[in-house]
Amino acid sequence: MITDVLQEISPDDQMYLINALYFAGNWTYEFDPEETLSSTFTMDNGEDVEVPFMNSSGLDFTYLWENDFSAVRMPYGNESLAMYIFVPEYDITLSELIQNLDIEDFNNWFGGYEHITEEMQEGMSFSMPLFDIEFSMNYNDLLMNLGMVEAFSSIADFSRMCMENLWISFVKQDACISVNEAGTEAAAATIVGMTSGIHPFYVSRPFLYIIRDDRNGSILFSGIMNDPSI
């Protein structure tokens, strides 16, 4: 799914730390593609777009209703893995919901999902858009703004990793996710480039050599080397 996270290799780069993650899961309760219909999705800026929505009764999922949002748990396979969808109420934005997150409350949310009651079943339905997203970002500035500065400079100390004087040249992540009626496929790859700033110098062609006394500028020896095998 990710084919070009590293597009070129700089001659300064000495090492790469690479992490890759792949996920593929079928919904425990798959959607019927014939029920997929075009509908309206309202973006943060208030604009509407027409996108395909997959639909079901929603009776197999579990839900959580809070003052500021509603949420659904959609399990994969044997239900040990799941996707959680959080939708803010109409009077607040998604960014406001995220900014007001309390980590303790957030962790508690995952234990509060319930099946809908019999009274709710008659009017229950579920609908959400299919989506396919690709993402790529360089994290150098973000990490340095968070205080990780020395690691990106020549004063970095990675001596326990390598004898050379290395520092981080870049941190890059590519990610993608595809959600459809059958399930979800997602992948991410993160790469940390380590450089020493050394430019290779190969004396592999005929060359001029000079031995000079730098105290007074006297040239003691000079010559041209065309064939070092002689």
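**Close-up views of the predicted model**

**View 1. Gln121 and its helix.** Gln121 lies in helix H3, which covers residues 118–121. Helices (H or I, at least four residues) and strands (E, at least two) are DSSP runs, numbered from the N terminus. The model is predicted, so local features need pLDDT of at least 70 and side-chain atom pairs count only at pLDDT 80 or more, while totals for chains, interfaces and linings use all residues. Residues are numbered from 1 along each chain as its sequence is written, and side-chain values use heavy atoms, with hydrogens and water left out. Gln121 counts as partly exposed because its relative accessibility is 37%; with a 1.4 Å probe and protein chains only, buried means under 20% relative accessible area, exposed over 50%, and partly exposed in between. The C-alpha atoms of Gln121 and Glu89 are 22 Å apart in space, and the two residues are 32 apart in sequence.

**View 2. The sheet of strands E2, E3 and E7.** These 3 strands make an open sheet in the order E2-E3-E7, and their pairing is antiparallel; two strands pair if DSSP finds at least two bridges between them. At the edges of the sheet are strand E2 (37–42) and strand E7 (126–129), each of which pairs on one side only. Strand E3 is made up of residues 48–56, and 6 bridges join it to E2, with the two running antiparallel. One position to find in this view is Thr42, which stands opposite Asp48 in E3.

**View 3. The sheet of strands E4, E5 and E6.** Another open sheet of 3 strands follows the order E4-E5-E6, again with antiparallel pairing. Its edge strands are E4 (62–65) and E6 (81–88), and each of them pairs on one side only. Strand E5, residues 69–76, is joined to E4 over 4 bridges in the antiparallel sense. Between these two strands, Leu64 stands opposite Ala71 in E5.

**View 4. Glu79 in the loop from E5 to E6.** Glu79 lies in the loop between strands E5 and E6. The phi of Glu79 is positive, at about 80°, although this residue is not a glycine. Most residues other than glycine have a negative phi. Glu79 counts as partly exposed because its relative accessibility is 34%.

**View 5. Tyr90 in the loop after E6.** The loop between strand E6 and helix H1 (94–99) holds Tyr90. Tyr90 has a relative accessible area of 88% and is therefore exposed. In sequence, Tyr90 and Ala182 are 92 residues apart along the chain, and their C-alpha atoms are separated by 29 Å.

**View 6. The largest pocket and its lining.** The lining of the largest pocket consists of 33 residues, and those nearest its centre are Phe41, Ile85, Phe86, Val87 and Pro88. On a 1 Å grid over the protein atoms alone, a pocket is an open set of points where a 1.4 Å probe fits, with protein on both sides within 12 Å along at least five of seven lines; lining residues have an atom within 4 Å of a point. Two or more lining residues come from each of E2, E3, E4, E5, E6, E7 and strand E8 (131–138). Strand E6 gives the largest share of this lining, with 5 residues.

**View 7. The largest nonpolar core.** The largest nonpolar core has 14 residues, of which Trp27, Phe31, Phe61, Tyr63, Met74 and Phe126 touch the most other members. Such a core is a set of buried Ala, Val, Leu, Ile, Met, Phe, Trp, Tyr and Cys residues joined through side-chain atoms within 4.5 Å. Strands E5 and E7 each supply at least two residues of this core. The most, 3 residues, come from E5.

**View 8. Strand E10 and its partners.** Strand E10 (residues 183–195) is largely enclosed by the rest of the structure, because 11 of its 13 residues are buried. Strand E1 (residues 13–26) pairs with E10 over 13 bridges in the antiparallel sense. Within this pairing, the bridge partner of Ile18 is Ile191 in E10. Strand E9 (residues 167–179) also pairs with E10 in the antiparallel sense, over 12 bridges. Here Phe170 stands opposite Gly193 in E10. The connection from E9 to E10 is a hairpin through 3 residues.
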